[in-house]
Each structure stands twice: as C-alpha cells, then as structure tokens.
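Got the viewer open? Keep the selection box handy, and let's walk through a few stops together.

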Amino acid sequence: MTDFIKTIIEDRVLKITFNRADKKNAITHAMYAAMAEAMADARTNDDVRAILFTGEGDMFTAGNDLVDFQQATSLEGEGPVMVFIKELVEALKPIVAAVNGRAVGIGLTMLLHCDFVYMAEGATISAPFVDLALVPENASSLLLPQVVCHVHAAEIFMLGKRVTATEAFEMNLINQVCSVEDVLEVATKTAVALGQKAPTALQATKRLMRGDLAPMQACIKVENDLFGTQLQSPEVAEAIGAFFEKRAPNFG
Ligand code: COA
C-alpha cells in the first residue's frame, strides 16, 4: 500500500516503522491506512502478542502530514486517521514505543495510548496544535492532563513546549530514557518479553487497566468536531501556509 510504513512480525512482535525520513516521518493518509491494516491483522493473529512502534532516521514522527491537513475538510467518519486511532484506542495487545527521535503532534498522542514508552536521550516530545491553530486530538486533551497534570499539559498544548526525554520521564510520560543507540533494543526486549507471557491474562490485564473506554471515545468525538471546524478556518490556512513558506504565522 505504501513503502512509508514498514511492518514485520518477529518473535511474536509486530514491529511498525515510520519510514519516510526525508519528510521527517510525517504521516500521510496512506500511512495511517497501512498501520490500521497491520493492527487489524494483529488483532486476530495469534502469532502477534505485542506491537512495537519506531521511526527511521532522526525522528520518531513529525506528526500528521500538513499537506493532508491543508486538503482535509474534517476528521469525521471512518477516514484512515480515525480507523487507525480506533485500532490504537481499542487494542488489547500491549503496545511499546521506541521513540528514537523527536515526536510531534500525533507522535505524542500515540504515546498516550501505548503501554511502554522508551525515549532516546536528545529526543523531544511536543504537540504544537495551537501553533497550527488546531486543537488536541484523539483523547489527548483528556489523557495528557491526567498523566502530567493540567499546568504541564497547558505548556505543551498552548505554548507548544518541547519536552526533553528527562522531563518526559519526570512527568511520567515515558518508562525510561535510553541512549539513541540502545532505544530500539531496549523497547524490543520488552515487546519480546511480553510475547512470552500468557496472552489471555496479558490482554485481560490491559483491558482492566484501560477501564471504560466510553469517556475517551466521547472526548474524541468532541475533539473531532472542534478539530474539523478549525481545519476549515483561515487561522489554519495561515499557520500551515506559514510552515511551508518557512515564515512565522501572523494571526492578526
Ligand atoms: N508534514 C509535511 N511535511 C513535513 C512535515 C509535516 N508534518 N514535517 C516536516 N515536513 C517536511 C518539510 O516540509 C521538509 O520538506 P522539504 O525537504 O520538501 O522542504 C522536510 O520534511 C524536512 O523538514 P524540515 O522542516 O526542513 O526539517 P527540520 O529538521 O528543520 O525540522 C521539524 C523538523 C519536525 C521540527 C519541522 O519539520 C516541523 O516543525 N514540522 C511540522 C511539525 C508539525 O507541526 N506537525 C503537525 C503537528 S499536529
């Protein structure tokens, strides 16, 4: 479907790699669709017991492809982004992330739906939705304040603060800071260890820990409505136009 997502199943782990280094692993619709398909297959494949995300090159992901945002009218319905998010939110198999480099936007949101996160020294996490005249998505407006508390979440969402690996650890966003050389190996070790556990007990444990998904799903719906409205606004046209023209936006 696309070469920009690589998938491989090894040692009972489905490894999904962002493979679009020249565009900083920005995620296109085709990439969301490829990830959603791999995760849907994993749901019913007994040979997959855990899922691992990582990125090629110097970034985890620069977030949603901004060209797709420029062309989008809304995030409603069962478009590839939402199908992927549904797989992520409802996954019962544990998800591990090796954050090899900078993670932006959905790169942060995804981590809030992971069970184990390992981050390279020197990497940063940010969600500059307001800088793009957008709003947080995919339940991040609910989950991030719960994890890091309201005032840290406000810095991240409203000011576009970049969180370092050490700060992310101190804020309980990640399990461990690793060297860039080791991060994938450490994350893979965890994913492979999960693959050795009793699968029914493991998935039931994740279900218990996640609890009722209804508040998250309700939050996603409200976020989507606001996100869709913003996507069509002159503010977003200015913010994304400014990014591609390599200038600061002017919101008047
Ligand atoms: N969507 C589409 N293209 C993107 C992209 C994105 N989210 N992020 C980076 N790119 C492209 C750039 O347009 C550039 O393409 P070009 O070589 O054809 O000009 C290429 O990837 C390299 O990006 P560049 O900005 O030159 O790299 P950098 O190392 O200076 O900066 C980032 C890296 C991630 C800090 C910067 O690209 C960035 O801020 N990207 C946007 C992040 C974002 O706002 N994501 C959405 C969050 S909701």
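Before the first stop, one cut-off: a salt bridge here is a side-chain nitrogen of Lys or Arg within 4 Å of a carboxyl oxygen of Asp or Glu. Bear in mind, too, that you're looking at a predicted model.

**Stop 1: salt bridges**

Select Glu 167 and Lys 161. Their closest N and O atoms are 3.4 Å apart, and the two form a salt bridge. Glu 167 counts as partly exposed, at 24% relative accessibility, and Lys 161 is partly exposed as well, with a relative accessible area of 25%.

Now pick Glu 238, Glu 245 and Arg 247: salt bridges with shared partners join these residues into one network.

How many salt bridges does the structure hold? There are 10 of them, so let's visit a couple that link distant stretches of sequence, starting with Glu 56 and Lys 6. In this pair, the closest N and O atoms sit 2.6 Å apart. Glu 56 is in the loop between strand E3 (50-55) and strand E4 (59-61), while Lys 6 belongs to strand E1 (residues 5-10), so the bridge ties together parts that are 50 residues apart in sequence. Color by accessibility and you'll find Glu 56 partly exposed at 31% and Lys 6 partly exposed at 37%.

Next, jump to Asp 115 and Lys 206. They make a salt bridge too, with 2.7 Å between the closest N and O atoms. Here the loop between H4 and strand E7 (116-120) supplies Asp 115 and helix H9 (residues 199-210) supplies Lys 206, so this pair ties together parts that are 91 residues apart in sequence. Are the two partners buried or exposed? Asp 115 is partly exposed, with a relative accessible area of 30%, whereas Lys 206 counts as buried at 4%.

**Stop 2: helix H5**

Select residues 140-148, which make up helix H5, and center on Ser 140. Ser 140 is buried, with a relative accessible area of 0%. Show its side chain: it reaches the backbone oxygen of Glu 137 at 2.7 Å. What else touches Ser 140, once you leave aside neighbours within four places in sequence? Display Thr 109, Leu 112, Phe 129, Pro 145, Phe 157 and Glu 223, which are in contact with it.

Now add Leu 143, Leu 144 and Val 148, which are buried in H5 along with Ser 140. Look down the axis: these residues cover an arc of only 100°, which puts them on the same side of H5. An α-helix has 3.6 residues a turn, so residues three or four places apart point the same way.

To see what covers the buried residues of H5, bring up helix H4 (106-111), helix H6 (150-158) and helix H10 (214-231), which are included in that cover. Then step just past the end of H5 to Cys 149, where phi is positive, at about 85°.

**Stop 3: out to helix H10 and the surface**

From the cover of H5, follow helix H10 to Ala 214. Ala 214 counts as partly exposed, at 37% relative accessibility. Try the distance tool between Ala 214 and Asp 46: they are 168 residues apart in sequence and 27 Å apart in space, C-alpha to C-alpha.

Finally, switch on the surface and select Val 67, Phe 243 and Phe 244, which make a nonpolar patch of about 270 Å². Phe 244 is in helix H11 (residues 234-244), and at 42% relative accessibility it counts as partly exposed.

Definitions and conventions. Residues numbered from 1 in each chain as written. Predicted model: local features only at pLDDT ≥ 70, side-chain atom pairs only at ≥ 80, totals over all residues. Heavy atoms only, no water. Helix = DSSP H or I, 4+ residues; strand = E, 2+ residues; numbered from the N terminus. Buried < 20%, exposed > 50% of the residue type's maximum accessible area, 1.4 Å probe, protein only. Polar contact = N/O pair within 3.5 Å; in protein donor to acceptor, adjacent residues only side chain to side chain. Contact = heavy atoms within 4.5 Å. Arc of directions from axis to C-beta. Patch = residues over 30% accessible without salt bridge, like charges linked within 9 Å, V, L, I, M, F, W, Y side chains within 5 Å. Areas by Shrake-Rupley, 256 points an atom, 1.4 Å probe, with all protein chains shown as cover.
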